[in-house]
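Work through the exercises below with the structure in view, and try each task before reading its solution.

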Amino acid sequence: MAWFLLFLAGLFEIGWAVGLKYTDGFTRPIPTGLTLISMVASVLLLGLAVKTLPMGTAYAVWTGIGTVGTVLLGIWLLGDPATLVRLFCIGLIVAGIAGLKLVA
């Protein structure tokens, strides 16, 4: 269950990271509200996950999920560059997340 909560926390982290772009400097109320809700949900779920999982592992996986998801959505939604080197580095992060899951 802790891993599922951590995964959800990572998804909410992606939501608030990408949401920041749509807040337009916190001047747009609906995107700002959704971004703030995502921030709170992400941290609360992380807090629940670390009741069971090691803190370092949980934090690394949480930020890894957020990083990978944010970069991929940046490429897909915002036109960020999708170079081979960037995609390779994303693969390294995914490998690190998988490795941490295997040894936890």
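**Exercise 1.** Compare the expected span of helix α2 (residues 29-49) with the distance between its end C-alpha atoms.

*Solution.* Helices here are DSSP runs of H or I with at least four residues, numbered from the N terminus. The expected span is 1.5 Å times one less than the number of residues, so the 21 residues of α2 should span 30 Å, and because the end C-alpha atoms are 30 Å apart, the two values agree. This is a predicted model, in which local features need pLDDT of at least 70 and side-chain atom pairs count only at pLDDT 80 or more, while totals for chains, interfaces and linings use all residues. Residues are numbered from 1 along each chain as its sequence is written, and side-chain values use heavy atoms, with hydrogens and water left out.

**Exercise 2.** Find which residues of α2 are buried (under 20% relative accessible area, with a 1.4 Å probe and protein chains only), and what covers them.

*Solution.* The buried residues in α2 are P31, T32, T35, S38, A41, S42, L45, L46 and A49. Their cover includes α1 (2-22) and α3 (55-78).

**Exercise 3.** Determine how α1 is oriented relative to α2.

*Solution.* The axes, which are lines fitted to C-alpha atoms over the stretch in contact (heavy atoms within 4.5 Å), come within 8 Å for α1 and α2 and cross at roughly 155°. Angles over 145 degrees count as roughly antiparallel, and α1 is therefore roughly antiparallel to α2.

**Exercise 4.** Determine how α3 and α4 (residues 84-103) are oriented relative to each other.

*Solution.* Their axes lie 9 Å apart, and the packing angle is about 150°, so α3 and α4 are roughly antiparallel to each other.

Notes:
Helix = DSSP H or I, 4+ residues; strand = E, 2+ residues; numbered from the N terminus. Buried < 20%, exposed > 50% of the residue type's maximum accessible area, 1.4 Å probe, protein only. Axes fitted to C-alpha atoms, helices over the stretch in contact; angles between N-to-C directions. Parallel < 35°, antiparallel > 145°, perpendicular 65-115°, else oblique.
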